[in-house]
Amino acid sequence: MPLLRSRFISCLLAGAYALAAPAVAWAQAYPERPVKLVIPFAPGGATDILGRLLATALGERLGQPMVVENRPGAGTVVAASLVAKAPADGYTLLLGANTTLTMNPAIRTNLPYDPVRSFTPIGMVADMGLLLVAHNDVQGSTLKDIVAQAKAAPDKFSYGSYGTGSSVHFGAEMLKTTAGFPMMHVPFNGSSPNLTALMGGQVQLAVDTVVASTPLIKAGKIKPIAALSPQRLALLPNVPTVAESGYPGFDMGSWFAFVGPAGLPAPVQKKLEKALADTMASAEFKKKLVDIGMTPAWGNGDALRARIERELPLMRAVAARADIRVD
């Protein structure tokens, strides 16, 4: 009887190994061809800059090129939906943001993906500050000046964002509610068209990232009004925060993370997570992020999932108070 039991267990183990061996071998070989990284915004913006830095670094660690594909539209919904529906083989990934994972679910009722169930979390990447900036012909240089003008002439200002439902749209609407002044929203597909419209006078104000805005500010093409972060930004230390400008407690920023389609094989997920962790541990790579205005914020797949689940109810509450809706 013990012998029969021993043979039975041996057969079970052998069968399990036979089933697992092809998957393990396949995962060890991954990737065997270029990996596509989908960026949910147009070329030239902060997400695109970050994505291309990551694509180069991760491609070197994985031994295959990581090819960037820009798919802007609908506040990252276009790109996120594409990745959510892609084969779960590790060859299509998304550089998502809080826009994708915690804001869209708060303000869109017919979202074609679920922020938790539709994706395999790979890891957190970086945080980034946001700015209220103005056309050079706008009178005044402080938030107090802008609010006073807007209240005196409610139709005076329109503001650009890099997409409906994006973090900058969310931040601007929070600012409108907090400061109690009117601005009309004009969405664009990315930071580059948003800031180009601001320089051209199509909008008087814009909310955008410190990464995309700083070169134009330093070149004198637009002027900064206030940072939406709780602390001043390292790239623009002389620009006051919204909180310092008379609205204590104001805090709105952007963060980025790597995800793949739901159901990625565990060995593939672990390989991607390790490549990302090793990249984020590099002092050279961290310096590159800091130099473009980002704060390295590594966290593994579990940390990313926890952050999404923690922030979703908070963003829904903010959206309800500010009456931010897209659908």
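Is the crossing of α2 and α9 left-handed or right-handed? In this predicted model, the crossing of these two helices is right-handed, and the legends below begin with that pair.

**View 1. Helix α2 against helix α9.** Helix α2, which covers residues 46-62, packs on helix α9, residues 266-281, at an angle of about 120°, and the two axes lie 9 Å apart. That angle makes α2 oblique to α9, since angles of 65 to 115 degrees count as roughly perpendicular and only those over 145 as roughly antiparallel. On the α2 side the contact is made by L54, A57, L58, R61 and L62, and on the α9 side by K271, L272, A275, L276, D278 and T279. Sorted by class, the contact of α2 with α9 holds seven nonpolar residues, one polar residue and three charged residues.

**View 2. Helix α9 against helix α10.** Helix α9 also packs with helix α10, residues 283-291, here at an angle of about 75° and with the axes 5 Å apart. Because angles from 65 to 115 degrees count as roughly perpendicular, α9 and α10 are therefore described as roughly perpendicular to each other. The residues in contact are T279, M280 and A281 from α9, together with A283, F285, K286 and L289 from α10. By class, this contact of α9 with α10 is made up of five nonpolar, one polar and one charged residues. T279 of α9 takes part in this contact and is also listed in the contact of α9 with α2.

**View 3. Helix α4 against helix α11.** Helix α4, residues 98-107, and helix α11, residues 301-322, pack at an angle of about 40°, with their axes 8 Å apart. That makes α4 oblique to α11, since the angle is not under 35 degrees, the range that counts as roughly parallel. The crossing of α4 and α11 is right-handed. From α4 the contact draws on L101, T102, M103, P105, A106 and I107, while α11 brings I308, E311, L312, M315, R316 and A319. Nine nonpolar residues, one polar residue and two charged residues make up the contact of α4 with α11.

**View 4. The largest pocket and its lining.** The largest pocket has a volume of about 530 Å³, and among the 26 residues that line it, D127, M128, G129, G253 and S254 are the closest to its centre. At least two lining residues come from each of α4, β4 (119-128), β10 (254-261), β11 (294-300) and α11. Of the contributing elements, α11 gives the most to the lining of the largest pocket, with four residues. By class, the lining residues divide into 13 nonpolar, eight polar and five charged.

**View 5. The largest cavity.** A search of the whole structure finds three cavities of 30 Å³ or more, and the largest cavity holds about 60 Å³ of space. The lining of this largest cavity is formed by L101, P115, V116, F119, P121, V259, L304, R305 and I308. Both β4 and α11 supply at least two residues of this lining, and α11 gives the most, with three residues. In terms of class, the lining of the largest cavity has eight nonpolar residues, no polar residues and one charged residue. Two of these lining residues, L101 and I308, also appear in the contact between α4 and α11.

**View 6. Backbone details in two loops.** The peptide bond from Y30 to P31 is cis, with omega near -5°, and P31 has its place in the loop between α1 (2-29) and β1 (35-39). A second backbone detail is found at A74, where phi is near 55°, a positive value in a residue other than glycine. A74 lies in the loop that runs between β2 (66-70) and α3 (77-84).

Key:
Residues numbered from 1 in each chain as written. Predicted model: local features only at pLDDT ≥ 70, side-chain atom pairs only at ≥ 80, totals over all residues. Heavy atoms only, no water. Axes fitted to C-alpha atoms, helices over the stretch in contact; angles between N-to-C directions. Left-handed = near helix turned anticlockwise from the far one by under 90°. Contact = heavy atoms within 4.5 Å. Nonpolar A, V, L, I, M, F, W, Y, C, P; charged D, E, K, R; others polar. 1 Å grid on protein atoms, 1.4 Å probe; cavity = no way out; pocket = protein on both sides within 12 Å on 5 of 7 lines; lining within 4 Å. Points joined across faces, edges and corners; volume = space filled by probe spheres on them.
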